[in-house]
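User: I'm new to this structure and would like a close look at one part of it: the salt bridges. Could you walk me through them?

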Amino acid sequence: MVDKKNLCQYFFMACFCISLHLGHSQEVENLKQMNIQVVNVYQEGRYQEAIILAQKAYNYGLSSLGEKHPDTLASMGNLAELYRSQGKYEKAEPLSLKNWQLKREVLGEKHPHTLTSMNNLALLYKTQEQYIKAERLYLELMKETFEEDHESTVNLMNDLAELYHFQGKYKKAEPLFIKSLKFSKKVLGERHSSTLNSMNHLAELYHSQGEYRKAEPLFLKTLQHRKEMLGEKHPNTLNSMGNLAVLYYTQGEYKKAEPLYLKALHFSTEVLGEKHPFTLNSMNNLAELYRSQSEYRKAKPLYLKALHFSKEVLGKKNHSTINSMNNLALFYGFQGEYKKAELLLEKALQFSMETLTERHPSTLNSMNYLAKVYYFQGEYTKSEPLYIKALQLRREVLGEKHPSTLHSMNHLALLHYSQGEYTKSLSTFKEYLMKKYVFLKGELQSNSGKTRLSMLKQFNVVLDKNNLFSILEAHAKDDILPLYFSVNYKGILLQVSQEMKNLFSNADDQQLVKQLLEKRSIYSNLSLDYEKRKKNRSLVGKLEKEIDELEKKLIWKSSDFKDLVSDVKVEEVQKSLTKNELLVDFIVYKSLIKERAEYKLVAIIADRDYVKLVNIGSFNNITSQIKSYRAKIQSKQNTKELSEKIYERVFSPLEKYFHAKKKIYIVPDGVLHLLPLRSLINKSGQYLTKSKNIVILSSSRDLVFKNTKKSNNTAAIFAYPNYGSGKGKEVVEDKVIRFTPLRETLSEAQSISSAINIPTKVYTQDQATEKNISQLDSPKILHIATHGYFLDTPEEEDPKDQRRMQLPMMRSMSSDPLPSKKLTNPLVYSGLALAGANDPGDKGILTALEVLGLNLRGTDLVVLSACETGVGEIRQGEGVYSLQRAFQEAGAKSVLATLWKVDDKATQLFMEKFYKRYMSGMSVQRAIRDTQLDFINSKRYSHPYYWSSFVMIGGRSDDLDQIEPQVEKVAAEKTDYTLIISVVLILLVISIIALLILTHRKKEKRLQEEKIARRKKRREMRK
């Protein structure tokens, strides 16, 4: 980042020299006015004109008053500072040095104006990266300074701290910045230019240290105040704009970074010129953004231009030039042009070592990039010492948990992997994962939901998963690390969201919470209002920005989130298991072994005494198998063969661990979230739900952290909403979603309410509204019986990553895909239909995003008796973004959802049986299992279509340990009704045909008898 010090303070201080003039001649007055004009023109942003006027004033002073006159010296100082601000260092340095020497001679060593010139010279040395000269001058100034809280002392502390920051001496810089900002606020006020400088520099330091959550609020405040006071085009404003853009880029928020980069580059080119250091910095930053988005055609010319001008203006060994070389080399590396990258980086590293020292962050960047280029060319012996040295120095300079240090650890681990040193690789990768968790969790907690998604992608936890399990696959032995990874990284966004939900519930500023909920509601309704999105495209972006800002305000106002960063130990998970329990945590990953690159499945098996990693094998094509299986179930076909095939593939390698275990906790991953696990049939012909007592969890972490908040011991039932007579909501052009009445849900609600033995309120017809749900306060039970939906969402990643599978739509919607793109939060694509859902307007749909605002902390059970409430967008490592997930985030301890549309009468019966068991004291998990067994054993509803759609996540389940699994085989005559019906139909057809033949024969016999009778009668008449 380029230093943009507010120059006005120096101009004004220099102009004070006129008070020392030796007379009141006309020449003195003329020069005084000329100096004032220079300052005014500069403040208006007319920088080239200001230089011309400053040169004119200086020449006038030389000719009319002489070189040593105070007003001439003021003109000289102004001109030197303008040259420095424009990057014309070769002109600035001799003038600054001469100005300081003459003031010492004329005014004395300790005169304030002499000290100001000394400070200006130190600033110039710092900008030129002559750090030793600059530090010596600053330290001398500190000895001569005024009282501690004087403005000049504040500025001096700020300048010295900035010098340390540039050198990578962060521990020296931070206390000075903090002290400078504190005094500046106290003496000068929060909006004073010196205060804003201190604030901006402290934010830059936090960004350099990887403490993004501390940097962002300071950057935002500085930018806001500078815009108001200086205007958008002032260099200081542009500096704030650029800094904020760099922060957003680092967080993966490319859509927020790009407009700031473009604006900063445009204004900088217009105001400062194309070759100004800040313009070149902006050019480089924009090129980096384009490179990160794979827009290489846009990036390359910017890289080349920035490097060319930087060499021309600043010199080939300047810090900015070295950064340009690093960036262009990185670009060549991404293009596979390794030799070009190698040559650039070798030069950059050489220049950086000469001018910036070995420990400077830019030097370490060059070192790490060069090691990376060697690595990609297979030159491991060249790569390894550079990686090791970069990691060692980054640990010392930046700290153990700095993102750059973490990158070095990761790179070194992968190098060892490529060298076949798997034990070394795993050891380094283990340290990397544990330290990264602390950094990443802290950053996720301090950001909005939208930024969390971007950061998770930017810091690529999915790639970490692929790397870790590929290293383990290559014969590296560690059974504990996989479970550590799964417990802490798998579903990390859900974990953070639940923690933030708790903070918001206790926030002091509930007005902000109310605003957030209102904005989310408006945003959610856009998913079902195609016309509004079409007419006002800017509305989507505006709402996303407002929601983002409100969430961040609430987080920044909370002091509690800092205490939430703690990883879960594997031992804690094991201790939470009883001797009768087993944990099966599935992981789907993409193997990095090149000759066998494919998706693979492993299972982490754990009980109280051991943890094992079981390689299950290839997981390619599993998506299509699961899709076929779901389709067969929903069409009530014979699923036995396919069910056994999937069980064989997923569970057979684990069966030896199941013996003597009464309860198995299963944590799905990837597409397994959409597989009705309980319906799978084992080798012995048993359903999994019969052969084992299973509990499905969203994360192994749930075994350790329990939701202990109490509910208010009431129940609320929403059923049979009056959807209205409207035509429905238009989600895209010619695609309308409309809901048909579900009359069976009324009797479902009535029967359930009679089974529930706590105070219960039933909301039906016009009372089954969004508003009434939003006003609930932690009921013990919330039951919603209505239509649910899941809209197909746009693909944002490689479709081969199995992020999600295409699913059939509910029967009341079009069977075609409904691409409702232009809303980025996946939780707006699933929802529940309530009163008024078919009518125009924003009412009647409760999206998963709006569910986040419900007060369900302490709620024991949410039942979503609707179709597709467990379906959503699968994101690797994060599970399904669905209604079920949303209710978990809102605080519910257990959520019962569905994977497809189930027969209404069967659903009603299922719910009746389930609630009777639950209200009798059974846990939710045992109640769901026993109800499924009832259906399996029935004649009418034994097919998996009727019972395996219901999926319970979470909930207390101690009573499952008390029952023995059943071992009856699946009876073909009970599950394969297609065959029975076919046989019956055939018999019926045969009977009908036989009856027709018999009737026909009887008719023929009767006709024959009648014919014989007629003949006999004719013979008698002839006689």
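Analyst: Here is a short tour of the salt bridges, with a little background to start.

Keep in mind that this is a predicted model. The protein chain has 42 helices and 18 strands, and of its 1023 residues, 59% count as buried. Across that chain, the count comes to 46 salt bridges.

Let's begin with K98 and E67, whose side chains meet in a salt bridge at 2.4 Å, N to O. K98 sits in helix α5 (residues 89–107), while E67 is in the loop between α3 (47–64) and α4 (70–85), so this pair ties together parts that are 31 residues apart in sequence. What about their surroundings? K98 is partly exposed, with a relative accessible area of 34%, and E67 is partly exposed too, at 29%.

Next up are E400 and R395, another salt bridge, with the closest N and O atoms 2.6 Å apart. Here again E400 is partly exposed, with a relative accessible area of 32%, and R395 is partly exposed at 23%.

Now for R926 and D930, where the closest N and O atoms of the salt bridge are 3.3 Å apart. These two are four residues apart in helix α39 (residues 924–936), so about one helical turn separates them. Both R926 and D930 are buried, meaning under 20% relative accessible area.

Finally, some salt bridges join up: E216, E253, K256, D548 and K552 are linked in a network of them.

Technical notes
Residues are numbered from 1 along each chain as its sequence is written. This is a predicted model: local features need pLDDT of at least 70, side-chain atom pairs count only at pLDDT 80 or more; totals for chains, interfaces and linings use all residues. Side-chain values use heavy atoms; hydrogens and water are left out. Buried means under 20% relative accessible area, exposed over 50%, partly exposed in between (1.4 Å probe, protein chains only). A salt bridge is a side-chain nitrogen of Lys or Arg within 4 Å of a carboxyl oxygen of Asp or Glu.
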